[in-house]
Structure formats: C-alpha cells, structure tokens
Amino acid sequence: MDVEQFRKAGYQAIDRICDYYYSLQNRPVTSNVEPGYLRQHIPSTPPEKGEDFQVIADDYQKFIVPGLTHWQHPSFFAYYPTACTFEGMIADLYASSTCNPGFNWTSSPACTELEAITMDWACQLLGLSPDFMNSSGVGGGAIQNTASDSALIAVVAARALYQRDHPGVKMEDLVIYTTTQTHSLGLKAGLVLGLTVRALDVKAEDRFALRGETLRLAWQEDEERGKKPFILIATVGTTSSGAIDNLPEIQQIVRNHPSLWIHVDAAWAGSALSCPEYRERCHLSTINELAHSFCTNFHKWGLVNFDLSTLWVRDRKHLTEALDVTPPFLRTTHGDAGTVIDYRNWHLALGRRFRSLKLWFVLRSFGAEGFRRYIRKTISLNQQFADFIAESDLLSLVTPPSLALSVFRLEPKPKSPDKPLLSLESLNNLNKLFYGRISARNDILLTQTVLNGVHCIRFAVGAARTEASHIKQACELLHKEAELTLEAWEH
Ligand code: PLP
C-alpha cells in the first residue's frame, strides 16, 4: 500500500467506523456466532501472494464484525465499561503511524515527556497527592498495559524493598495480602512470582470491604508463624460489588507495620476521584497519606481507549531499583547522567506504546469538567437503576449501589407473611435460572457474580452512549425476565 492508497483506505475506514457507531444502537450487544465460526471463513494458512486491500477491508466487515461483542453499545452493562472516545481513536491512529517504542528518553523524547506530563495531569485530575507527580522528582507515574501489570510491578517493587530492608528473608516466608474480593491480579502476581497469597475475609455487613481488625488478626497470626507479609493489595471498587476497603482502619493498623507496602487497586473506581463529592467515600485522603502505589485504568471508566492503566508510586526509585537492567546497548548520555526518565525501568517490557497521546487528546478535548460530567452522569444512571430495583417486588439489591455499579438478584417479596421464604440454595438456583435467561438474550449484556455464597447479577453503567432511556429499557426487560423465571420456577 502506498501513501495515496493509504489515504483512500483510511478515509474508507473512518467512514465505516462512523457508520458502525451510527448503527450501534440497532445492533445486538452480543454476537450469535458459535465457537470456531471464523475457521469456516479464513484459510488456515497465510496467503502466498499479497491480496487486494479492499478485499481485506471488506472481509473485516463480513467476518470479524459479526463475531464482536459490542462493548460500546448503550445496553452493555457487563464487567466494567471500556468507554472509548473518538479522540482516543485518533490518537491511537497517530501513535501507530509513527510506531515509536519509546522505552527511554532518547528513543523518542516526545513519548517520554508527554507521558510524564499527562501522568501529572491525571494525578491532579484525581486529586492525588503531588508526591505522586513526576514533577516531584521523587514519586512519579507511568502508563502500564493493565491493572494486573500494575499490581505485579507493585509487588516486584515491594518485594525488592522488603528484601533490601530484611536481608536473608526467605522467599517462601513472604506473603502477599489480598482479600477474597481482590481481582485475580493478586493471585496472578503470586503465581508469576512464586509467592504465597493470603486472601483476607470480608463480610457482607461491611459491604465486602476489608476491615482493619481482620488485617490485624491476620498479621498477628502470620507473625507467630514466622511469615512475612510485605504488601497489601487493597481495592477501591472491587470487581464483584464495587466494595471499598476501609483504608482509614487499615492505616491505623499499618502504623505499627511500616514495612507493609500498600498498593491501592482502583482499576475501575479511580475515575470517580475526579469528582470531589466521591473523594471521601473512596478514602482519597488516606490514599494520599498511605499508599505506596496507586493504580487506575483510564481504559475502563476514564474515556480512554484500551489500553491505558496508570500506576503512580510515591518513590520512583523503588521501581527502578527493582527493575533496572541496563545492558550497554541501552545506555544513553542522558540516562547515564540521570537527567531524564527512562520508562523502560518502570515496567516489565522494554518497548512501550505511545499511549500518553490518547490520554492527552481525551483530557484536552473533554477538560476536567467534561470528564466529571461523564462520571456524574453514569453514577446518576446507576442510581436510576438502583431506584428501580429498590421499588421492585421481584428484585432486590444484594449490597448498596457503589458509584456506577449495582448488584442485585431475583428475590420475590413473599405474597403473604405465612408463606416461607426461599432458602439460600433455592434462591441461588432461582438466580442461576434468571441469569441463564438474561444471558441468552443478545439485546443486553450483564455479568453474574457470587458474593459470599450468594449468586447475584452485576449491572455496571459506563458505556459512553448509555442514556436514561436505555436504563428504562433494561429495567423493563429485567422485570419481564424475572416474571418469566418465576413462572418457569413455579411450574
Ligand atoms: N482490578 C479491578 C478492581 C477490576 O475490576 C479489574 C477488571 O475489571 C481489574 C483489576 C483488572 O484489570 P486489567 O484487565 O487492567 O488487569
């Protein structure tokens, strides 16, 4: 393809993307293809001779689009959102057009410098302490692939620090603390690093948040057994229910244990910190005093196209000391002089994409005000949903709504006081049936979860095109499905 052919193909691609967005609302949310469908359409060997690009572009429409789940669909309420924006798409196009692996300052100064600046912007947008800013010269932020990478890196840094301060500590004695609600990233980090992970219990009456006393007891127990907890992965906004660990209580406990690294995973909920009214609920001031590292994914609820996970550390040298490997071919004058950031030492890989460009485009185009408007809108849409559940005689909230997430289940109110309530096991079976019906539909997508043995369904708002009318539609649909489930259950 030459430049003029690219121009033509590029115009067509943009036209088709626009058409896709115009048609999105009328498409099913999920695909109806069967596993293995693509092998029927795509040869099992690569072509020997190059093909006409128009045929390739058409095949994308014919074979790939029908197999997509439409995460940007306004009736997508599953997992957590990946709210993407046209600004981000354009930035990604520019970034891939120059294809810079910007791993150190010299390899592409703009990549490093824009990342350092936009990470400071994001830090301020979220109200994080200036200690975390790159301009502080001590702390700093780097863009990672995912929150799982961010947590893994935090564990690597925490382990190196602990080993430095406790020479001779045995690897088998080291323990990573998580909770039963921590994302799989905690277990993954343990798996990758060969470290023990201890998941601390949380209770429904605490809204599934980690309490200080639980941490204290676990610590005491581990100390008695000669174990060495060295990091706690706390969560602000868990995946299952949006739980927010009780950081102020945790802070009281870790006062006596300063060697415990606190990593705060706010992969989803971090974006809410942009709004002052949610900062207290998310324990921002404790994060600012306590956290050694903090992560949020702008690619979830932050309007930036996948992937863009932001990780800040209070002291950058804990990252670079743990991760610096500098063979001669990576040495540069500026790197040797220590006058620049070399981001290759802030993450696992060497090469890194030019992702700050999309953060820059999005934050400039929306402004802090536009960003907050989007967050507030999604939270109020979730409130609309939660109000519907609260008023329903068939459905009930399993735990109070958290920001833009509600967790509910089918739990019919007894028609008369003498009618026995369903047992937990029956309710769970009823909800499996209910979720089975919902997931068989292709006009809406929700995900299920289990909270301390209770089967329930998550409703996460955040797709950038979701409006009140889509929430209303979802409520009506869920009510109907609840009625049909009960009918099937009773017969
Ligand atoms: N942490 C939380 C709280 C999440 O909800 C998720 C994903 O939903 C993750 C981490 C994982 O994020 P990533 O895919 O960026 O690793």
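Which strands does helix 13 lie across, and at about what angle does helix 13 run to strand 8?

Here are some exercises to work through with the model open. This is a predicted model, in which local features need pLDDT of at least 70, side-chain atom pairs count only at pLDDT 80 or more, and totals for chains, interfaces and linings use all residues. Residues are numbered from 1 along each chain as its sequence is written.

**Exercise 1. Place helix 13 on its sheet, then describe that sheet.**

Step 1. Start with the opening question: helix 13 lies across strand 8, strand 9 and strand 11, and runs at about 145° to strand 8. Helices (H or I, at least four residues) and strands (E, at least two) are DSSP runs, numbered from the N terminus. Axes are lines fitted to C-alpha atoms, for helices over the stretch in contact, and angles run from 0 to 180 degrees between N-to-C directions. Contact here is between two residues whose C-beta atoms, placed from the backbone, lie within 7 Å.

Step 2. Now get the strand order: the sheet is open, has 4 strands in the order 8-9-11-10, and its pairing is antiparallel. Two strands pair if DSSP finds at least two bridges between them. Strand 8 (395–402) and strand 10 (447–451) are the edges, with a single partner strand each, so one side of each has no neighbour in the sheet. On average, neighbouring strands of this sheet are turned by 35° against each other, direction ignored.

Step 3. Zoom in on one pair. Strand 9 (residues 405–410) and strand 11 (residues 454–460) are joined in the antiparallel sense over 4 bridges, and phenylalanine 408 sits opposite isoleucine 457 in strand 11.

Step 4. Finish at the loop between strand 10 and strand 11, where you'll find asparagine 452. Its phi is near 45°, a positive value in a residue other than glycine. Most residues other than glycine have a negative phi, and most peptide bonds are trans. Asparagine 452 is partly exposed, because 14 other C-beta atoms lie within 10 Å. The cut-offs: 20 or more other C-beta atoms within 10 Å is buried, 12 or fewer is exposed, and anything in between is partly exposed, with C-beta atoms placed from the backbone.

**Exercise 2. Trace the 7-stranded sheet and work out why strand 6 is enclosed.**

Step 1. This open sheet of 7 strands runs in the order 1-7-6-5-4-2-3, with mixed pairing. Strand 1 (140–144) and strand 3 (196–200) are at the edges, and each has a single partner strand, so one side of each lacks a neighbour in the sheet. From one strand to the next, the twist averages 20°.

Step 2. Go through two of the pairings. Strand 4 (residues 228–235) runs parallel to strand 5, joined by 5 bridges, and isoleucine 231 has tryptophan 261 as its bridge partner in strand 5. Strand 5 (residues 261–265) also pairs in the parallel sense with strand 6, over 3 bridges, and histidine 263 stands opposite serine 293 in strand 6.

Step 3. Check burial. In strand 6 (residues 293–297), 5 of the 5 residues are buried, so the strand is largely enclosed by the rest of the structure. In a regular strand the side chains alternate between the two faces of the sheet. Ser293, Cys295 and Asn297 are buried on one side of strand 6, with Phe294 and Thr296 buried on the other.

**Exercise 3. Find the centre of the largest nonpolar core.**

Step 1. A nonpolar core is a set of buried Ala, Val, Leu, Ile, Met, Phe, Trp, Tyr and Cys residues joined through C-beta atoms within 7 Å. The largest one has 122 residues, of which Phe77, Ala151, Ile231, Ile262 and Phe294 touch the most other members. Helix 13 (residues 356–391) gives the most to this core, with 12 residues.

Step 2. Pick phenylalanine 77 and leave aside its neighbours within four places in sequence: its contacts include Ile444, Leu446, Phe459 and Ala474.

**Exercise 4. Look for unusual backbone geometry in two loops.**

Step 1. Cysteine 99 is in the loop between helix 3 (86–98) and helix 4 (109–125). It has a positive phi of about 50° although it is not a glycine. Cysteine 99 counts as exposed, because it has 8 C-beta neighbours inside 10 Å.

Step 2. Aspartate 307 lies in the loop between helix 10 (298–301) and strand 7 (309–313). The peptide bond leading to it from phenylalanine 306 is cis, with omega near 5°.
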